[in-house]
Amino acid sequence: MFGARASVALALACALLPAIPRPVAADSPVPLDYKAYDGWSAIRTPKLSDDGKHLAYALTPQDGDPTLVVRDLDSGAERRETRANAPAFAGDGRFVVYTHVAAKKDVDAAKKAKKAEKDLPKNGLGVLDLSGTKPAEIVDDVKTIAVAKNGGTTIAYRADPSPAPSSSPAAASSASPVASAKPSAPPKGEPPPQIPAAASPAPAASTSPGPSPSPSGSPAPKADKTKDTGSTLTIRDLTGGKRVTANDATDFAVSEDDRFIAYATESKNGKTDGLHVYDVAKGTTSDVLTGEGRYRDIAIARDGSSLAFLSDEATYKEDVPHDALYVVDLRAAKLAAVKAVDTATAGVTAATTPNSNGKLRYSRDGKRVFLGTAAAPTPMPSGTPAPTAVDVWSWQDSILQSQQKHDAATERKRTYLAAYDIAAARFAQLGSTSLRDVQTVDEGDVALGEDDRAYRRQGSWIGDVYVDAYAVSLETGARKLLLQRALSPELSPAGHYVLAWDEPSRHWFATRTSDGKRVELGAHAGVAFHMVDDDHPAPPPAYGTGGWLSGDRGVLIYDQYDVWLANPDSGAATNLTHGEGRRTRTVYSPVQPDPDATSFPAGKPLLLSLIDTRNYSSGYARVAPGGGVPATLFKADEVVNGVRTVFNAPLHDMTNPPVAAKRADRYVFTRETFRNYRNLWATDSSFRNVTKVTDANPQQAKYRWGTERLIDYKCTDGKPMRAVMLVPDGLKADRKAPMLTYFYETWASMFHTFYSPAPGTSPNFTRYVSNGYVVLLPDVRYRIGHPGASALECIMPAVDAALRLNYADPKRVGVAGHSWAAYQINYMITKTHRFRAAEAGAAVDDMISAYSGIRLESGVVRESQYEHTQSRIGATPWDRPDLYLENSGLFGIKNVTTPYLTIHNDLDGAVPQFQGIEYITAMRRLGKEAYLFSFDGEDHNLKGREQQKFWTVHLDEWFDHWLKGAPRPSWMNGVDYLHRGERNVRPLYGESD
């Protein structure tokens, strides 16, 4: 079906390259054009070898095939392989294993030909041997790859079950040996504007295939006995050359120590069904369980002592098969699967079984297996009619029907957490319909169960969903109430405490799980642990926490600037950074370079990130175990290895820990400014010598860029504010430049951010600056009940402050914004005529009709947003209708004189499209110049690249016409429906049809 081959194609040739590619000569830099966009690259999935000698990453253009770069950090020599993504080191750093991605042009051609998913070109596997100079070995048609976490010499990969088309090399989705980092939850309210910029690289961990789908607990017309399609599994010793293959493999896992590979096989006739374990050292395979049925959800303990999986082999021939949990002792002389949990197991609720919609995993010490259980599927009586497609809304619904509909697929697959103690052979049901969410940690014998039933209904208008928190015994499943009406409680790493923020007192509390003792932390600290400048009509949130010391000896909590160490038993808190943060207005936060660590070791210095809010310089510092003034290790007027937010939020934890080698003193981290891409830099734990080790976009030297500066100004009410101003290189202070104003909530902390040239939903700041625009990015602070007026009171003084610097023409000022910012623009243009043109994408224009609108992305009603969060009205429309009228742009639309452009797509999941239609139709009736772009099948932010490119051209033409005097584009004369979308913008991007 597939075979290994040594690639000899010129495109795959490896060579020793200079340390950093030389910048492209640029005697006279030129303005950015669209042809620069597709080739602009981002650094993805950087990995350090365990010995710290090599750095591997994918250099990924916006539109094209990624390139693997492997750099020797000592010599500076580089190896490169094309069509390569998601690298992982193996063989103690000698090999780089990666996904050999299908050529994008082939995938695009297949999609254009409307080929089925199974017929698209397939991905493959690449193996690069760093000990020689040969090009990488390529294996075609590989679905899944696994590399041991310790980087051993044995790897495993499974062929794609669907053979690739004969002339196509390899699959659309990445067969990655590296897992993506889990995203953090976004702030409440509208999604932030889409600003094209490559994500900051972060370390990623090895992964193995996920569980196969299984029957849910819902009734089914007949028993589900569907099997996955198997394919060839290959197990390879990269150094010895030994290969073992198995047919009909459907799932597999590699132990972290590279000693065992467990895999499942299934076939239609059932003759090869089974679960097998390959012993790497012995070179032997054990059939630990065989028989017709399905085998799935394989998990191996971290220490390699035990294996667990689910199978319905014992019941597959019955009318309704169900899964059971099996455990294998990998230390035994003869490996065999033991049925651990089934319907007859003590503690298992009647008509409940293990279910593969959950995810098997081991506790850190390997003593327990965590699994999901659900009601056993039952066949529906024959002749049962199909349900009528009707929703019945009730005032007593704890969850809105719209949200239930959105969550239906997830709920059908919901499982409830359970634990199996291997040594004691004891099962404990932890979760249930009343405790749907259960947190577990790596140590201790306690879990944290959360019951939200009493608070679900009010969550629709409060926004937050509170819970009653229970300590749940991992031995028996017994629960004990610890907290009522708690907000996001968290279990400490050793399970001794539950940490929760108390809104009424505005303090952190630690509750001991053993006896329920509740202690306020830092009661006498004399500082606020809540956000003192929060401007929402709701209790202010906390600045946050920084983690725990090992053994739960202490917890790190934040004030606005400093880190405090609190004793969870006494509540006493000491300022670990000795007030240096407050004295210098520097935000300190602990960071942990070890991705496997769950706490900070007690008695050792802490690595801290730092952000100086005076100029937003950032870097790293170190503080002694007992506290003190942090010693700055590295600091620059840049964003150092971090992210920033356009929301009014704490700056703690906005910096990532550096990528660290496991067995060497070597770090890698990013640095960026507006004019410098976030390249990687290498150093050691002292940060004394910092060396640039990547140059992702040397072509930048060809293009005109700009400088960034912070502007201090005051709002109408005298409140001090800040704005970021971007000024083109070489611009004279002659008041002739056009100026584009863009905003959201706060932008000052975004200072030093690099914006990759790219198409998108919002204006690309870099393109505008390169083409002669001044770009102004001001902050907004809000008065509760008056968000529209607040925007006006903050934005217009910022414009005045920028104009006083004499770069921009006051008659050529435009404004743009998306979502929440677009709402503010809709309001502002009813009050001011100073903007020459406006673009406001996906805007709310009528707060009354929007108040009870449903967010398609979640099914959640928007009430809480208006009463408590982003919209900041602070009251219902029936209590304060005047505020909803005052803040709605629709009701002042007769005053608008500004030419207006918007984009509002038909599947917008955040702001209902009818809001945009209301505004454009009102403008049309009043004879005011306005245009609306609506893309079929697109969401709040454009996702399709062709759609992004099309819109970007029209958006830029809009401002170039009004602010630079460019010719009026023909689309402003109208485009009838029969000729919609016929314009071809591809040549502008250097593309042929």
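Where is threonine 694 found, in terms of the strands around it? This is a predicted model, and threonine 694 turns up in the loop that runs between strand E47 (691-692) and strand E48 (706-714). Threonine 694 has a relative accessible area of 0%, so it is buried. Its side chain has polar company there: a 2.8 Å polar contact ties it to the side chain of asparagine 679, and the backbone nitrogen of leucine 680 is also reached by the threonine 694 side chain, at 2.8 Å.

**The chain as a whole**

Stepping back, the chain's secondary structure adds up to 12 helices and 55 strands. Its C-alpha trace spans about 85 × 70 × 65 Å along the principal axes. How does the radius of gyration sit with a compact globule? For 993 residues such a globule would come out near 30 Å, and the chain has 30 Å, so the two agree. As for burial, 57% of the 993 residues count as buried.

**Salt bridges**

Side chains of opposite charge can pair when their charged atoms come close. How many salt bridges does the structure hold? The count is 61, and here are three of them.

| Pair | N to O distance |
|---|---|
| Arginine 945 and aspartate 38 | 3.0 Å |
| Arginine 364 and aspartate 442 | 3.2 Å |
| Glutamate 957 and arginine 983 | 2.6 Å |

Take the pair of arginine 364 and aspartate 442. These two link distant parts of the chain, 78 residues apart: arginine 364 is in the loop between strand E24 (361-362) and strand E25 (368-375), while aspartate 442 is in the loop between strand E28 (437-439) and strand E29 (446-451). Are these partners buried or partly exposed? Arginine 364 has 28% relative accessibility and so counts as partly exposed; aspartate 442, at 29%, also counts as partly exposed.

Next comes the salt bridge between glutamate 957 and arginine 983. This pair again links distant parts of the chain, with glutamate 957 in helix H12 (residues 945-964) and arginine 983 in the segment after H12, 26 residues apart. Arginine 983 is partly exposed, because its relative accessibility is 34%.

There is also a network of salt bridges that share partners, joining Asp38, Asp63, Lys104, Asp108, Arg945, Glu946, Lys949, Arg986 and Glu991. One of its links is the bridge between arginine 945 and aspartate 38. Aspartate 38 has 12% relative accessibility, so it counts as buried.

**Empty space**

Rolling a probe the size of a water molecule over the atoms shows where empty space is left. The second largest pocket has a volume of about 1000 Å³. Which residues lie nearest its centre? Of the 25 that line this pocket, those are Phe933, Phe935, Phe950, Arg980 and Gly981. Strand E55 (930-933) and H12 each contribute at least two residues to the lining. By class, the pocket's lining splits into 10 nonpolar, eight polar and seven charged residues.

The second largest cavity holds about 50 Å³ of space. Around that cavity sit Cys715, Asp717, Lys719, Arg781, Tyr782, Arg783, Ser790, Glu793 and Cys794. What classes make up the lining of the second largest cavity? It has five charged residues, three nonpolar and one polar.

Technical notes. Residues numbered from 1 in each chain as written. Predicted model: local features only at pLDDT ≥ 70, side-chain atom pairs only at ≥ 80, totals over all residues. Heavy atoms only, no water. Helix = DSSP H or I, 4+ residues; strand = E, 2+ residues; numbered from the N terminus. Buried < 20%, exposed > 50% of the residue type's maximum accessible area, 1.4 Å probe, protein only. Polar contact = N/O pair within 3.5 Å; in protein donor to acceptor, adjacent residues only side chain to side chain. Salt bridge = Lys/Arg side-chain N within 4 Å of Asp/Glu carboxyl O. 1 Å grid on protein atoms, 1.4 Å probe; cavity = no way out; pocket = protein on both sides within 12 Å on 5 of 7 lines; lining within 4 Å. Points joined across faces, edges and corners; volume = space filled by probe spheres on them. Nonpolar A, V, L, I, M, F, W, Y, C, P; charged D, E, K, R; others polar. Rg over C-alpha atoms; globule rule 2.2 N^0.38 Å.
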